[in-house]
Amino acid sequence: TAKDVAAGMGSFSPEPWLPRPLSPPGLVLAAALLLLVLYLHARRTRRPGEPPLIKGWLPYFGEALKLQKDPLGFMTTLQKQYGDVFTLFLGGNYITFILDPFQYQSVVKNQKLSFQMFTSKFLMRVFSVKKMMTYHDLNDKIHTSYQLLRGKHLDTLMENTMQTLKQVFEPQLLKTTSWDTEYLLTFCSSVIFEVTFTAIHGNVLAGDRKTFMTELRDDFFKFDGKFTHLASGIPIELLGNIKSIRTKLIKQLTTENLAKLQGWSEVVQMRQDILEKYYTPKDTEIGAHHLGLLWASVSNTVPTMFWTMYYLLRHPEAMAVLRDEIDHLLQSTGQKKGPGFSIHLTREQLDSLVYLESTILEVLRLCSFSGIFRVVQEDLTLRLESQDCCLRKGDFVGIFPPVLHYDPEIFEAPEEFRFDRFTESGKKKTTFFKRGKKLKYYHMPFGFGVSKCPGRFLAIVEIKQLLVVFLTYFDSEIIDDKPLELNYNRFLFGIQYPDSDVLFRYKVKS
Ligand code: HEM
């Protein structure tokens with residue numbers, strides 16, 4: 001039920017970022033860790049040529065709690081005080097943030113700043129993928145498979161997502177025109193999970209499809225709810241039953257169980273072929289890799305879908321423009337709304353919906369709180385326009401796009417939702433300025449450089465398809481008309497969830 005899914009989604013529970021009470025072995029481990037970190041922490045002082053250093057008073061966490069409470073406010077205060085470059089101690093790491101968008105290029109271009117080292121550690125902590133730490137070419141090979149998420153391969157994925165949307169919504173269309181009431185986040189999680197999982201990992205055999213999908217989805221969101229804890233290095237043993245849930249999820253995606261799914265996407269097929277060269281087919285770590293892909297494909301698309309629906313429900317003027325744009329497209333492609341589910345749109349046709357696209361880009365601008373990180377592989381001097389900046393081996397360099405996304409010099413009234421912000425005279429707008437200079441980087445919810453999200457085209461297409469279907473066939477209204485806030489439980493990692501779920505209702509258009 002809606003409530004069960006909501007209960008599974010730890011992401012909007014009001015828990016703090018710090019872990020829960022520890023078990024006795026956990027306490028010993030935590031105390032040892034704390035002493036070590038306290039010792040290391042006390043030793044660090046700023047050297048000549050290094051950026052200002054802000055350590056905070058909390059061992060290990062440093063300034064993490066302040067940053068989590070109000071990420072944008074905290075970062076802009078530091079920016080005013082220390083300038084565009086400073087080093088912050090966070091979760092056991094020293095991170096030098098570069099906040100001036102005209103300086104991002106020096107990070108992208110510097111070969112000694114490694115994404116691979118960052119990602120290997122992250123994959124080990126969160127998904128228990130160990131081999132990336134030792135086999136660097138495995139990472140390169142897996143990267144080559146991401147080309148199968150774009151171009152003509154994306155067309156195949158799109159066909160698949162539309163088929164699943166049909167499966168999900170067709171029974172609803174046959175219903176009489178009475179209202180269905182649901183929690184919006186629960187609704188979006190359920191649809192996006194099913195559509196994405198089926199397009200990428202394949203379809204479940206008819207009989208047990210619903211049970212399989214519900215169980216997998218509930219486990220997935222319980223695991224995802226502890227994502228930030230895992231990513232920040234808190235041992236999984238301290239996180240209650242998350243370890244057994246992760247083991248169960250990994251098991252569902254091992255070679256043996258994946259083989260039970262029909263119609264793997266090309267990207268999963270290629271990933272599996274690569275993995276079989278590095279692991280024996282029975283190795284459960286193969287399942288951990290597939291869980292990583294499942295997480296990447298669902299975890300940010302769900303809140304993006306949620307916020308898009310939420311803003312549209314609260315902005316009828318935007319909803320009306322989008323309905324009009326979609327109606328025009330359906331008419332001009334000879335697809336008048338008939339009985340049953342009959343919409344079919346190509347990628348080019350979806351791309352022509354500029355107001356729909358602008359709405360999604362605006363939501364991503366408002367709700368993305370990702371950081372982009374690289375590990376410094378050796379002591380080096382980063383040459384920036386305004387200064388040279390000495391960096392130490394093992395530290396991180398970070399870019400924090402929310403400062404850019406909320407810069408009033410670039411986006412007028414940045415805290416306001418303006419669905420047409422990324423349009424200009426009825427076309428897509430791509431020119432934004434700061435200090436009178438055109439910006440290369442102005443919208444970065446998908447990261448940049450080597451780590452730029454390979455699934456970005458699929459994510460946007462999927463959200464567009466779902467909205468086209470939803471706005472064409474259903475009327476909808478928000479029930480709890482309360483303003484929601486972002487819940488920063490996963491700040492620095494992607495699109496933020498809301499601080500609570502809201503009820504909405506929808507019915508087939510009469
Ligand atoms: C709105 C939805 C999405 C957002 C905002 C998003 C955002 C991001 C970001 C910011 C990164 C870079 C992480 C970093 O620099 O550390 C990333 C990586 C990635 N994303 Fe997405 N993503 C979305 C949807 C998807 C989808 C649908 C897929 C489908 C497969 C996907 C697959 C991936 C993969 C595989 C990576 C890792 C790439 C690598 O290792 O270099 N993402 N995503």
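At what angle do helix H10 (residues 209-225) and H12 pack, and how far apart are their axes? The angle is about 135°, and the axes are 9 Å apart. Keep in mind that this is a predicted model. Below is a quick tour of the chain as a whole, then three helix pairs, then two sheets.

**The whole chain**

- The protein chain has 21 helices and 17 strands.
- Its radius of gyration is 23 Å, close to the 24 Å that the globule rule gives for 510 residues, so the chain is as compact as a globular protein of that length.
- If you draw a box along the principal axes, the C-alpha atoms of the protein chain fill roughly 70 × 60 × 40 Å.

**How to read a helix pair**

- Two packed helices are described by two things: the angle between their axes and the distance between those axes.

**H10 with H12**

- Back to the opening pair: with an angle of about 135°, H10 counts as oblique to H12.
- The crossing of these two helices is left-handed.
- On the H10 side, look for Leu 216, Asp 219, Phe 220, Lys 222 and Phe 223.
- They meet Ile 242, Ile 245, Arg 246, Lys 248, Leu 249 and Gln 252 in H12.
- Sort the residues of the H10 and H12 contact by class and you get six nonpolar, one polar and four charged.

**H12 with H15**

- H12 (residues 242-252) also has a contact with helix H15 (residues 285-298): their axes come within 7 Å and cross at roughly 95°.
- That angle makes H12 roughly perpendicular to H15.
- H12 brings Leu 249, Ile 250 and Lys 251 to this contact, while H15 brings Gly 287, Ala 288 and Leu 291.
- The class count for H12 with H15 is four nonpolar, one polar and one charged.
- Leu 249 of H12 is worth finding on screen: it belongs to the contact with H10 and to the contact with H15.

**H16 with H19**

- Further along, helix H16 (residues 301-314) packs with helix H19 (residues 354-367) at an angle of about 110°, and their axes are 9 Å apart.
- So H16 is roughly perpendicular to H19.
- H16 passes H19 in a right-handed crossing.
- From H16, the contact takes in Pro 303, Thr 304, Trp 307, Thr 308, Tyr 311 and Leu 312.
- From H19 come Thr 359, Ile 360, Val 363, Leu 364 and Cys 367.
- In the contact of H16 with H19 there are eight nonpolar residues, three polar ones and no charged ones.

**The six-stranded sheet**

- This one is an open sheet with mixed pairing, and its six strands come in the order S1-S2-S3-S9-S6-S4.
- Its edges are strand S1 (53-54) and strand S4 (113-114), each pairing on one side only.
- Inside the order, strand S6 (residues 372-376) and strand S9 (residues 396-399) run antiparallel and are joined by four bridges.
- To see how S6 and S9 line up, find Arg 374, which stands opposite Val 397 in S9.
- Helix H6 (residues 115-127) packs on this sheet and touches S4 and S6.
- The direction of H6 makes about 105° with that of S6.

**The three-stranded sheet**

- Here the sheet is open too, with antiparallel pairing and the strand order S5-S17-S14.
- Strand S5 (180-183) and strand S14 (474-478) are the edges, and each pairs on one side only.
- From one strand to the next, the twist averages 25°.
- S5 pairs with strand S17 (residues 503-508) in the antiparallel sense, over four bridges.
- A handy landmark is Tyr 183, which stands opposite Leu 503 in S17.

Methods
Residues numbered from 1 in each chain as written. Predicted model: local features only at pLDDT ≥ 70, side-chain atom pairs only at ≥ 80, totals over all residues. Axes fitted to C-alpha atoms, helices over the stretch in contact; angles between N-to-C directions. Parallel < 35°, antiparallel > 145°, perpendicular 65-115°, else oblique. Left-handed = near helix turned anticlockwise from the far one by under 90°. Contact = placed C-beta atoms within 7 Å. Nonpolar A, V, L, I, M, F, W, Y, C, P; charged D, E, K, R; others polar. Pairing = 2+ DSSP bridges. Rg over C-alpha atoms; globule rule 2.2 N^0.38 Å.
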